[in-house]
Amino acid sequence: MRIARSACRLLPVLAAALALTAIPSSAQPGWGPIGPANPHLGPLGTATMHGDAGSSDVTPLAGPGTGWVIPSGDPLAAACPTILQGSDGMVVALCTAIVDRAPTVYLFDPAKGPIGPPAAKLSLTKGSLLGGVYAYLDNENRLVVVDGERRLLRISHTRGSDGKWSLAVAENTDLTGVIPEGDAVTGLVPDWSGNVWFATGAGLVGKVGRGGAVTTHQLPVGERVANSISSSPDGVAVATTHALYEFRAGDSGAPTVLWRAPYDRGPARKPGQLSWGTGSTPTYFGPGDGTEYLTIVDNADDQVHLLVYRAGTGELVCNQPVLTQGGPGSENSPIGIGRSVFVAGTYGYPYPTVPDDAGPAEPAIAPFAGGMTRVDIDADGCHTVWDSKARSAAVPKLSAADGNIYTVLRLGLGLTTPLDGYAYGVIDPNTGEVTAKHPMSATIVADTLQMAGLTTASGELWQGTITGIMRIR
């Protein structure tokens, strides 16, 4: 009964917080609009790893703020890169076991206080390392993911008459007829018609219609997809290890290339990156409806650049050097809102493992310098607003509600060690100044591995770590 009363008290808070997804752009002074809500996704800001279909890494929800915070959580013996919250307030996490890399879906009830044991869990068939990372919540709060058997699953959660929660596969679409054995889905996203688009590691772009029909487009040999994909009302963006693409459904309904823009992928994979090429999930953003521009970061040898294109045409708006105070590489999706983009550096970050096809890094290791840059788009192209030395250990997220960038900072020397510490960090997007730094842990158990955190409807930050989830409130 205590849990039931707690949940009842939480419902008005959830309703008020989730209502923020309907905030008009005029209520977000100085930043411009958040990208449009996809009707086939869960709540804006909490339904995908990067917050929305356009992968903006912006949330309409307020975070914990700059005051003192309380971190808590139970180890799951798994890294949790995808943590999502549905309209019912339940949190769904897709985690990869440290020992065998097998993916597991966990369900949490935030009304129970500190994380503690999950309310339910469901094991999935193991696939590639990146194949167990990207997923999203649909508009029925079901987790949409492709497992190691190349099945598109919709996983629902229900509560029985005994009060216990369970997870189960509600829908199953077999993709083995179109995805060859040995290949695996890396990223997936719904379009505005409810079709599910996907991209595989070997460069197969597909669309699953609402009736289950599957059509595909094979990208050039050698072009791999190592990050998730994004969508807007007018297109679907895919970044390969060689080029950025925007797709639309052609007259036949099959994926059709609207434009292709090659970029400088550098001479090799860099330390702190998981592939040889861009580390960006493409980001839609813009000052009008939030989808005018598409952006990624290249992998040029000595100095990386933010590349901004016009969505729909592929026209290059600007090529701006970034991370001049940090290392020359980024594995993170940029934050994009209005006319502003924020890029966090990952060069030298010590991942414990990389995909089997990643290839060697050159050099093999390097100090983790971090770095973060804000770039604004203007009538003449782009200009850098600030460049900082912040050592972000997670994918930063911008809250349009409270005007803070939330992340986790890695503490220690440039040459990282298992004894490095980690701190909850808040960054002022106007100046780049770190306005809060509160210790989380002094050991590797809190390593956030450049994973994305979730700002919940109740103002908490749920952050994946190498061993589970840290809940910051």
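Here are some worked exercises on the predicted model shown above.

Before we start, some ground rules: residues are numbered from 1 along each chain as its sequence is written, and side-chain values use heavy atoms, with hydrogens and water left out. Because the model is predicted, local features need pLDDT of at least 70 and side-chain atom pairs count only at pLDDT 80 or more, while totals for chains, interfaces and linings use all residues.

**Exercise 1. Work out which strands stand at the edges of the sheet that holds β7, and why one side of each has no neighbour.**

Step 1: get the terms straight. Strands are DSSP runs of E with at least two residues, numbered from the N terminus, and two of them pair if DSSP finds at least two bridges between them.

Step 2: read off the order. The sheet is open, has 4 strands, and goes β7-β8-β9-β10 with antiparallel pairing.

Step 3: look at the ends. β7 (136–137) and β10 (165–174) each have a single partner strand, so one side of each is left without a neighbour in the sheet.

Step 4: zoom in on one pairing. Strand β9 (residues 151–159) is joined to β10 by 9 bridges, and Ile155 faces Val169 of β10 across that pairing.

Step 5: check the turn before β8. Asn141 lies in the loop between β7 and β8 (143–146). Its phi is positive, about 65°, even though Asn141 is not a glycine. For context, most residues other than glycine have a negative phi.

**Exercise 2. Describe the two largest cavities and what lines them.**

Step 1: define the object. A cavity is a set of points, on a 1 Å grid over the protein atoms alone, where a 1.4 Å probe fits but cannot get out; lining residues have an atom within 4 Å of a point. Grid points are joined across faces, edges and corners, and the volume is the space filled by probe spheres set on the points.

Step 2: count. There are 7 cavities of 30 Å³ or more.

Step 3: take the largest. It holds about 100 Å³ and has 13 lining residues, with Thr48, Met49, Leu188, Ser228 and Ile229 nearest its centre.

Step 4: take the second largest. That cavity holds about 60 Å³ and also has 13 lining residues, with Gly35, Pro36, Gly54, Ser231 and Thr291 nearest its centre.

Step 5: sort the linings. Ala, Val, Leu, Ile, Met, Phe, Trp, Tyr, Cys and Pro count as nonpolar, Asp, Glu, Lys and Arg as charged, and the others, Gly among them, as polar.

| Cavity | Nonpolar | Polar | Charged |
|---|---|---|---|
| Largest | 8 | 4 | 1 |
| Second largest | 5 | 7 | 1 |

**Exercise 3. Classify the ring pairs Phe108 and Trp462, and Trp259 and Tyr309.**

Step 1: set the rule. Rings of Phe, Tyr and Trp (its six-membered ring) pair if their centres lie within 6.5 Å; planes under 30 degrees apart are stacked, over 60 edge-to-face, and the rest tilted. The count by this rule is 11 aromatic pairs.

Step 2: apply it to Phe108 and Trp462. At 5.8 Å centre to centre and 65° between the planes, this pair is edge-to-face. Phe108 is in strand β5 (residues 103–108) and Trp462 in strand β33 (residues 461–464), 354 residues apart.

Step 3: check burial (buried means under 20% relative accessible area, exposed over 50%, partly exposed in between, with a 1.4 Å probe and protein chains only). Phe108 has 1% relative accessibility, so it counts as buried. Trp462 is at 0%, so it is buried too.

Step 4: now Trp259 and Tyr309. With 5.6 Å centre to centre and 35° between the planes, the pair is tilted. It links strand β18 (residues 255–262) to strand β21 (residues 305–310), 50 residues apart, and both rings belong to buried residues.

**Exercise 4. Survey β21 and the loop before it.**

Step 1: start with the loop. Asp302 lies between β20 (293–297) and β21, and at 65% relative accessibility it counts as exposed.

Step 2: go across. β21 and strand β22 (residues 316–321) pair antiparallel over 5 bridges, with Leu306 opposite Gln320 in β22.

Step 3: finish at the turn. The β21 and β22 hairpin has 5 residues between the strands, and Gly312 takes a positive phi near 95° there.

How values were computed
On a 1 Å grid over the protein atoms alone, a cavity is a set of points where a 1.4 Å probe fits but cannot get out, and a pocket is an open set with protein on both sides within 12 Å along at least five of seven lines; lining residues have an atom within 4 Å of a point.
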